[in-house]
Amino acid sequence: MSSADTLPVTPVIEVPLTRNIDTARPHYEPQERAEVITRIKELLVARDAVLVAHYYVDEDVQSLAEETGGYVSDSLDMARFGHDHPASTLVVAGVRFMGETAKILNPEKRVLMPTLEAECSLDLECPPDTFIPFCDAHPERTVVIYSNTSAAVKARADYVVTSSIAVRLVEHLHREGKKILWAPDKHLGDYIRNQTGADMLLWNASCVVHDEFKARALRQLKDVHPDAAVLVHPESPADVIALADRVGSTTQLIDAVRELPNKEFIVATDNGIFHKMRMAAGGKTLIEAPTAGRGATCRSCAHCPWMAMNGLHNLLHVLETGANEIHVDEAVRRKALRSTQRMLDFAAALKRDVLGTGNA
């Protein structure tokens, strides 16, 4: 890397411990829990609202979304569903960038979140005040950013991608002779570069969950479960990806549990996905990939602390009060819409096989 390509220093962020978040959440007795769920269902109707949830949030919230005509999926499908649904209010259970993406695509709709404290380490480690000048210093590069970023960063990008279409989009740009400036996840960027051969300048950030998966401990776990298929999200370190039987987005990993003949799966992504995996392939055994070696500690322990902040308690609160509304500056929103719409258009083109078949 030349001196001109020297990356800005990634900010040090404070990451709450998942176990502390889980401990702090209220515990409902069965009758109380049933009453809360009933009240949430009533309020969704009364507020003309639809619940859109990520695979990583609490399974009660995922179940509620599906039971009430909402949706549970990865960030790409969440964006598409919210855009197409006629409800006037979108309740987005996930992390802040997902709520912002919903507002970017739906300025006429009210977008609420159970909590505005639910951040993303990738977003926090790619602040606009350092990222935008870095892009400006490299006008020869096409800026491709992962969806796990703020509206302001999306506004500076040429393309937004999710992990389900990132490889295919960069392949497409590489064929056109484009050089890429990629942000924020360095592991996903490295995986894409290895898959495509593209000239990519990588931002230096990582996911607090996926960065903790350990290759050495994973090998030891494979020795204990030799017939298990290893499923890895590409936000993981390269030596973990190298051990995978299937690498893919959250939706692609759920499909793998359904499609592969194995009876056991070692899963290297947020364990919130296990709820959907069990629904997709009941009777199969799911094993968490190790996040630390013997005697070590972990911050996330395979579950994002910010995703863990979403629960029935604050979902009920936001529907009762209308709190936690997402706002995006209109000038920023219009610029971010350009790069985000390109993501949706490219994904739609893939689905129509315009650019060929693949893992999208």
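**Exercise 1. Which residues have the most contacts inside the largest nonpolar core, and how many residues does this core have?**

Solution. The model is a predicted one, and the search for its core begins with the buried nonpolar side chains that touch one another. The largest set joined in this way has 127 residues, and F131, W182 and M277 are those with the most contacts inside it. Turning to the elements that supply this core, one finds that helix α16 (residues 330-351) gives the largest share, six residues. To look at one of the three residues in more detail, set aside the neighbours of M277 within four places in sequence; M277 is then in contact with L231, L253, I254, V257, V267 and L286.

**Exercise 2. Work out why C120 and C304 form no disulfide in this model.**

Solution. Begin with the cut-off, since a disulfide requires two cysteine sulfur atoms within 2.5 Å. The closest cysteine sulfur to that of C120 lies in C207, 6.4 Å away, which is too far for a bond. For C304 the closest cysteine sulfur is likewise in C207, here at a distance of 6.7 Å, and this is also too far for a bond. As to their surroundings, C120 counts as buried, with a relative accessibility of 10%, and C304 counts as buried at 10% as well. A search of the whole structure ends with zero disulfides.

**Exercise 3. Describe helix α3, from its start to the residue that follows it, and say what its buried residues pack against.**

Solution. At the start of the helix, a side-chain oxygen of D58 comes to within 2.7 Å of the backbone nitrogen of D60. Within α3, which covers residues 59-67, the buried residues are D60, V61, Q62, L64 and A65. A general point helps in reading such a list: an α-helix has 3.6 residues a turn, so residues three or four places apart point the same way. The buried residues of α3 pack against the helices α2 (30-46), α14 (274-280) and α15 (312-321), and against the strands β1 (49-54), β2 (71-73) and β3 (89-93). After the helix comes G69, with a positive phi near 85 degrees.

**Exercise 4. Compare the radius of gyration of the chain with that of a compact globule.**

Solution. For 360 residues, a compact globule would have a radius of gyration near 21 Å, and the 20 Å of the chain agrees with this. Buried residues make up 58% of the 360 residues, and, of the contacts between residues at least 6 apart in sequence, 66% join residues at least 24 apart. The chain that is folded in this way has 16 helices and 12 strands.

Conventions. Residues are numbered from 1 along each chain as its sequence is written. This is a predicted model: local features need pLDDT of at least 70, side-chain atom pairs count only at pLDDT 80 or more; totals for chains, interfaces and linings use all residues. Side-chain values use heavy atoms; hydrogens and water are left out. Buried means under 20% relative accessible area, exposed over 50%, partly exposed in between (1.4 Å probe, protein chains only). Helices (H or I, at least four residues) and strands (E, at least two) are DSSP runs, numbered from the N terminus. Contact means heavy atoms within 4.5 Å. A polar contact is a pair of N or O atoms within 3.5 Å; within protein, one must be able to donate a hydrogen and the other to accept it, and residues adjacent in sequence count only if both atoms are side-chain atoms. A nonpolar core is a set of buried Ala, Val, Leu, Ile, Met, Phe, Trp, Tyr and Cys residues joined through side-chain atoms within 4.5 Å. The radius of gyration is taken over C-alpha atoms; the globule rule is 2.2 Å times the number of residues to the power 0.38.
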